[in-house]
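Please open the model in your viewer and keep a selection panel at hand, since this tour goes from one selection to the next. Each stop says what to pick and what can be found there.

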Amino acid sequence: MKALRFYAPEDVRLEDVPEPGCAPDEVKIKVRNCSTCGTDVKIFYNGHQNLTPPRITGHEVAGEIVEVGADVNATYRSNWQVGDRVQVIAAVPCGDCHECRKGWMAVCQNQTSVGYQYDGGFAEYMIVPRQVLKVDGLNRIPDNVGFDEASAAEPFACAINAQELLGIEEGDTVVVFGAGPIGCMHIRIARGVHKAGPVYLVDVNAERLQMSADAVQPDEIINGAEVDVIERVMELTGGRGADVVITATAANVAQEQAISMAARNGRISFFGGLPKTDPTITCDSNLVHYRQLHIHGANGSAPEHNKRALEYISTGQVPVKDLITRHIPLEDVLDAFQIVKKGEAIKVTVEPSHAS
């Protein structure tokens, strides 16, 4: 089969590899969609400490079951059958550690990941490992949800996890930094699920800002390259600041600005991680103290968040179809990284050829 394998930074090859065999405690799927994100681009250029080459990458996966291991349904009390349409979690909790037992599966200390420790979805076929099945991480795709939409459930799940921690209330003013696909999803979840009030979208790339604004219709867009973002948010909120600020971008300045623009009792999500070479920010601790601010980290998701994402897509509460603006065949997968890097599309999905 054709698969994209990572060997070293910038040495990523689309090549013919043997089709994987399915062990008794595994499920084999034909990959129908594997969507891309900024992390894939980071891996392409820098690799990742949890990724042992050669490795098939890709972690936003939806497909169709072609084989169910002999022990699977008895072991995991499931009822998987050939032909079932499924979505696969990316972050795989162990299910046994202190955090998992507390129900904090998004921060499992032994977490492994599809496309890192296990071969991922930029391939015609993929094995769903037993670790995924053990934590109920293989999800049935609702009938009215396409494979492309289902592959977007994984990043969507990460956004659900972040917003759960923020306690967004009806009518809250929300600022989202980062006009990428995840920023768009944050806007839709804040409105569709939490009934937020005005939502403002901030970015420094004018074209990307406009492309995303056309899709998700924020109440206003703020180009950080042209205006003072803090000043503008203060103007828009009558000097009060934003109730909720989500930084869905890997920018130190965005996190600093988030603290400065938060209203009293404001909630801030540091959603995007910063570069390892420059991970610190200047935090005005008195703002946090006197305004009683709440700063949350958010990283990844738990299996249940993936299920909820599929449900929100299915009910139409949070549409994602229109955010997937490029469909690329597996043969052209390397182009997808450039499109994502340059921000030329909102969400890019890769569709392996479906040769039987």
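Begin with the boundary between the two domains of this predicted model, where domain 1 and domain 2 bury about 910 Å² between them, with carbon and sulfur atoms giving 67% of that area. To see where that area falls on one side, select Leu323, Gly343 and Ile346, the residues of domain 1 that lose the most area to domain 2 and that together make up 49% of what that side buries.

Next, colour the chain by its domain assignment, in which domain 1 is made of two segments, 1-139 and 319-349, and domain 2 covers 160-295. The centres of domain 1 and domain 2, taken over C-alpha atoms, are separated by 29 Å. At the contact itself, domain 1 supplies 12 residues and domain 2 likewise supplies 12 residues.

Stay at this interface and turn to its polar features. Which side chains meet in a salt bridge here? Select Arg188 and Asp322, whose side chains come together at 2.8 Å, N to O; across the interface of domain 1 and domain 2, the count is 1 salt bridge. Polar contacts across the interface of domain 1 and domain 2 amount to 2 residue pairs, both at pLDDT 80 or more. Sorted by class, the side of domain 1 that touches domain 2 holds 6 nonpolar, 2 polar and 4 charged residues.

For the last stop, select the cysteines and display their sulfur atoms. How many disulfides does the rule count? The count comes to 0. Cys34 takes part in no disulfide, and the nearest cysteine sulfur, which belongs to Cys37, lies 9.3 Å away; Cys34 is also buried, with a relative accessible area of 0%. Move on to Cys94, which is likewise in no disulfide and for which the nearest cysteine sulfur, that of Cys108, is 3.6 Å away. A disulfide requires the two sulfur atoms to be within 2.5 Å, so the 3.6 Å from Cys94 to Cys108 does not qualify. With a relative accessibility of 15%, Cys94 counts as buried, because the cut-off for that class is under 20% relative accessible area.

Conventions:
Residues are numbered from 1 along each chain as its sequence is written. This is a predicted model: local features need pLDDT of at least 70, side-chain atom pairs count only at pLDDT 80 or more; totals for chains, interfaces and linings use all residues. Side-chain values use heavy atoms; hydrogens and water are left out. Domain bounds come from an automatic or database domain assignment. Contact means heavy atoms within 4.5 Å. Buried area is the accessible area (1.4 Å probe) that two parts lose on being put together, summed over both. A salt bridge is a side-chain nitrogen of Lys or Arg within 4 Å of a carboxyl oxygen of Asp or Glu. A polar contact is a pair of N or O atoms within 3.5 Å; within protein, one must be able to donate a hydrogen and the other to accept it, and residues adjacent in sequence count only if both atoms are side-chain atoms. Ala, Val, Leu, Ile, Met, Phe, Trp, Tyr, Cys and Pro count as nonpolar, Asp, Glu, Lys and Arg as charged, and the others, Gly among them, as polar. Buried means under 20% relative accessible area, exposed over 50%, partly exposed in between (1.4 Å probe, protein chains only).
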